[in-house]
Amino acid sequence: MSELVFFTGTMDCGKSTLALQMDHNRSARGRRGVVFTRDDRAGEGVLSSRLGLSTAAVEVRPGIDVHAYVKAAVKQDPEIDYVICDEAQFLDPEQVEQLALVVDELKLDVFAFGITTDFRTRLFPGSQRLIELADRLEILQVETVCWCGARATHNARTVDGEMVVEGEQKVVGDVGRDQAIGYEVLCRTHHRERRAQVGL
Ligand SMILES: Nc1ncnc2c1ncn2[C@@H]1O[C@H](COP(=O)(O)OP(=O)(O)O)[C@@H](O)[C@H]1O
Ligand SMILES: Cc1cn([C@H]2C[C@H](O)[C@@H](COP(=O)(O)O)O2)c(=O)[nH]c1=O
């Protein structure tokens, strides 16, 4: 039975690494898949992990019909039997619905990877639709850790080193403070208290 699975966790918990591993393990056994991403830090058309691995991917630009794309790909190559989509929080809700249609109509497994909430603790529209539609949610096993030692559950944004709670929902970036806009994972308490590490 094919399914839509949403693998989620904070930033930096290993989602892209797992996506690359799942693609590798399947393709090593001769299975074929379509790999999608949207606005990876490493640039367009690439799925990258902080461990240094990366693979070519189809960039899901706004408005692209991912179901139509996969249907055409399967027509060309009927051996395709899975779809991977990284940075799925950035998908349009309609594109998530199209991924569900890939499962239901084309009978392929779809593995989506992404964060659920933004720096304000609000759901990304794409993640909301995934939570609504996925057959299964998988929280990644590798825990990220707040500066206090507790499990990190939330993503914070820093601007010039200071934690902020207002701004555009989407700003592509990395964890760390050596950039104008950076991110840090925190436990809920320290996110609520707006105590990123720099504020100690
Ligand atoms: N130098 C390192 N040594 C060991 N593990 C590392 C190192 N750098 C990064 N990692 C691992 O990579 C993870 C981030 O992987 P990545 O797939 O890029 O995360 P995500 O896609 O969830 O943001 C970190 O949580 C950590 O486990
Ligand atoms: C919290 C938050 C994150 N983002 C961006 C920053 C990164 O480009 C991605 C997350 O990538 P990762 O592989 O999970 O580290 O999302 C954003 O645009 N807005 C936010 O609030």
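## Two ligands and a two-domain chain

Ligand 1 sits in the largest pocket, and the space taken by ligand 2 is likewise the largest pocket. The model described here is a predicted one, and every distance and area below is computed from its atoms.

**Ligand 1.** The residues that surround ligand 1 are Met 11, Asp 12, Cys 13, Gly 14, Lys 15, Ser 16, Thr 17, Ser 49, Arg 50 and Leu 51. Sorted by class, this shell is made up of three nonpolar, four polar and three charged residues. Oxygen atoms of ligand 1 have polar partners in the backbone, where an N or O atom of Cys 13 lies 3.1 Å away and a polar atom of Lys 15 lies 2.8 Å away, and also in a side chain, where a polar atom of Arg 50 lies 2.5 Å from a ligand oxygen. Taken alone, ligand 1 exposes 570 Å², of which the protein buries 63%.

**Ligand 2.** Around ligand 2 there are 20 residues, and those that come nearest are Lys 15, Arg 50, Phe 119, Gln 169 and Val 171. The shell of ligand 2 divides into eight nonpolar, four polar and eight charged residues. Polar backbone atoms approach ligand 2 at Phe 119, which is 2.8 Å from a ligand oxygen, at Gln 169, whose partner is a ligand nitrogen at 2.6 Å, and at Val 171, which is 2.8 Å from a ligand oxygen. On its own, ligand 2 has 490 Å² of accessible area, and the protein covers 99% of this.

The polar contacts of both ligands are set out together below.

| Ligand and atom | Residue and part | Distance |
|---|---|---|
| Ligand 1, oxygen | Cys 13, backbone | 3.1 Å |
| Ligand 1, oxygen | Lys 15, backbone | 2.8 Å |
| Ligand 1, oxygen | Arg 50, side chain | 2.5 Å |
| Ligand 2, oxygen | Phe 119, backbone | 2.8 Å |
| Ligand 2, nitrogen | Gln 169, backbone | 2.6 Å |
| Ligand 2, oxygen | Val 171, backbone | 2.8 Å |

**Domains.** The chain is divided into domain 1, covering residues 4-139, and domain 2, covering residues 143-200. The C-alpha centres of domain 1 and domain 2 lie 25 Å apart, and 20 residues of domain 1 are in contact with 22 residues of domain 2. How many residues does each of domain 1 and domain 2 give to the shell around ligand 2? Each of the two domains supplies at least three residues to that shell.

Terms used:
Residues numbered from 1 in each chain as written. Chains lettered and ligands numbered in written order. Predicted model: local features only at pLDDT ≥ 70, side-chain atom pairs only at ≥ 80, totals over all residues. Heavy atoms only, no water. Near = heavy atom within 4 Å. Polar contact = N/O pair within 3.5 Å; in protein donor to acceptor, adjacent residues only side chain to side chain. Areas by Shrake-Rupley, 256 points an atom, 1.4 Å probe, with all protein chains shown as cover. 1 Å grid on protein atoms, 1.4 Å probe; cavity = no way out; pocket = protein on both sides within 12 Å on 5 of 7 lines; lining within 4 Å. Sits in = over half its atoms within 2 Å of the grid points. Nonpolar A, V, L, I, M, F, W, Y, C, P; charged D, E, K, R; others polar. Domains from an automatic or database assignment. Contact = heavy atoms within 4.5 Å.
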